[in-house]
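I opened a fresh notebook page for this one and wanted to get from the overall fold down to single side chains. Here is the model I was looking at.

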Amino acid sequence: ALLVAAGGETRDRQEVMIRDAAGITVSGRSLVLADALKSLGSRGRLPVLDLAIPKLRELPQSNRDRLIALVKDLADADRRMTLSEFVLITLCRRHLGRDTKGAPPVKHRSLRTVSNEVATVVSMLVHAGRSRPEAFERAMALLELNGQLLRPPAELNFSAVEAALYELKLLAPLAKPAMIKAFLAVVMDDNGVTIAEAELMRAICAALDTPLPPILEPPLEKS
């Protein structure tokens, strides 16, 4: 329901996708819920997801895998990926994906070996919050990663960002707090955090297996 379009051909395609994957009953309920949830606005997206996740985690892993695949297909139905869709997919993968025991393996000991990936995520945050380009330079300078360039939006597709987050997840744990601090500096560039920025930071932290900065719970919306 959180991914169903308001109407048009995209909604029709999504209805067929849900029906094929989960049956006509789930499809019908999803469309009804999609219309009902619109009144909650953007603030209601993640609280609704938070209510659903514990029950979904009770499903067998094979069912959870199929649900994650359906979520990705629904987001792709209009052949473009919005930030809210990226957040929802990332959180579903984090909370409903196959459980792994222990911390992720360490592949990168220094931020310098993942400077390209850091620049990709910082660029996404700059564009998502419509921050000033200088915010990118300051964030990279905080991490002593000067020399990287702000990526244009055209380069920040889902696959590129997903690949960057995967490599950053494999960064040594002691290097991650400074990186999260630099990310936060970007979203706080104009002294406030929008709902979209707070959601994006939550997805990033979930993907990296790092705690969410306390200032982002609840988000302080910019005027």
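These are my entries, going from the whole chain to one helix, its cysteine and the core.

**Entry 1: overall fold.** I kept in mind throughout that this is a predicted model. I looked up the secondary structure and found 10 helices and 0 strands. Read from the N terminus, the order of elements is α-α-α-α-α-α-α-α-α-α. The radius of gyration is 18 Å, close to the 17 Å that the globule rule gives for 223 residues, so the protein is as compact as a globular protein of that length. Along the principal axes, the C-alpha atoms fill a box of roughly 55 × 40 × 30 Å.

**Entry 2: surface and contacts.** I asked for the accessible surface and got about 12200 Å², with 56% of that belonging to carbon and sulfur atoms. Of the 223 residues, 43% count as buried. I also checked contacts between residues at least 6 apart in sequence: 76% of them join residues at least 24 apart.

**Entry 3: helix H5.** Next I picked H5, which covers residues 83-96. Its 14 residues reach 20 Å from the first C-alpha to the last, close to the 20 Å expected at 1.5 Å a residue. I listed its buried residues: Glu85, Phe86, Val87, Leu88, Ile89, Thr90, Leu91, Cys92 and Leu96. What do these buried residues of H5 pack against? I found helix H3 (45-56), helix H4 (61-75), helix H6 (115-128), helix H8 (158-169) and helix H10 (195-208).

**Entry 4: the cysteines.** Since Cys92 is on that buried list, I wanted to know about disulfides. How many are there? The count comes to 0. Cys92 cannot be paired because its sulfur is 17 Å from the closest cysteine sulfur, in Cys205, whereas a disulfide needs the sulfur atoms within 2.5 Å. I noted the burial of both residues too: Cys92 counts as buried at 6% relative accessibility, and Cys205 counts as buried at 2%.

**Entry 5: the core.** Last, I went to the largest nonpolar core, which has 60 residues. The residues with the most contacts inside this core are Leu111, Val118, Val121, Val122, Leu125, Phe183 and Ile204. H10 gives the most to the core, with 9 residues. I then followed Phe183 outward, leaving aside its neighbours within four places in sequence. Phe183 is in contact with Val118, Val121, Val122, Leu125, Leu168, Met201, Ile204 and Leu208. A reminder I wrote in the margin: in soluble globular proteins, nonpolar side chains tend to be buried together.

Conventions: Residues are numbered from 1 along each chain as its sequence is written. This is a predicted model: local features need pLDDT of at least 70, side-chain atom pairs count only at pLDDT 80 or more; totals for chains, interfaces and linings use all residues. Side-chain values use heavy atoms; hydrogens and water are left out. Helices (H or I, at least four residues) and strands (E, at least two) are DSSP runs, numbered from the N terminus. The expected span of a helix is 1.5 Å times one less than its number of residues. Buried means under 20% relative accessible area, exposed over 50%, partly exposed in between (1.4 Å probe, protein chains only). Contact means heavy atoms within 4.5 Å. A nonpolar core is a set of buried Ala, Val, Leu, Ile, Met, Phe, Trp, Tyr and Cys residues joined through side-chain atoms within 4.5 Å. The radius of gyration is taken over C-alpha atoms; the globule rule is 2.2 Å times the number of residues to the power 0.38. Accessible areas come from the Shrake-Rupley method with a 1.4 Å probe; for residues, only the protein chains shown count as cover.
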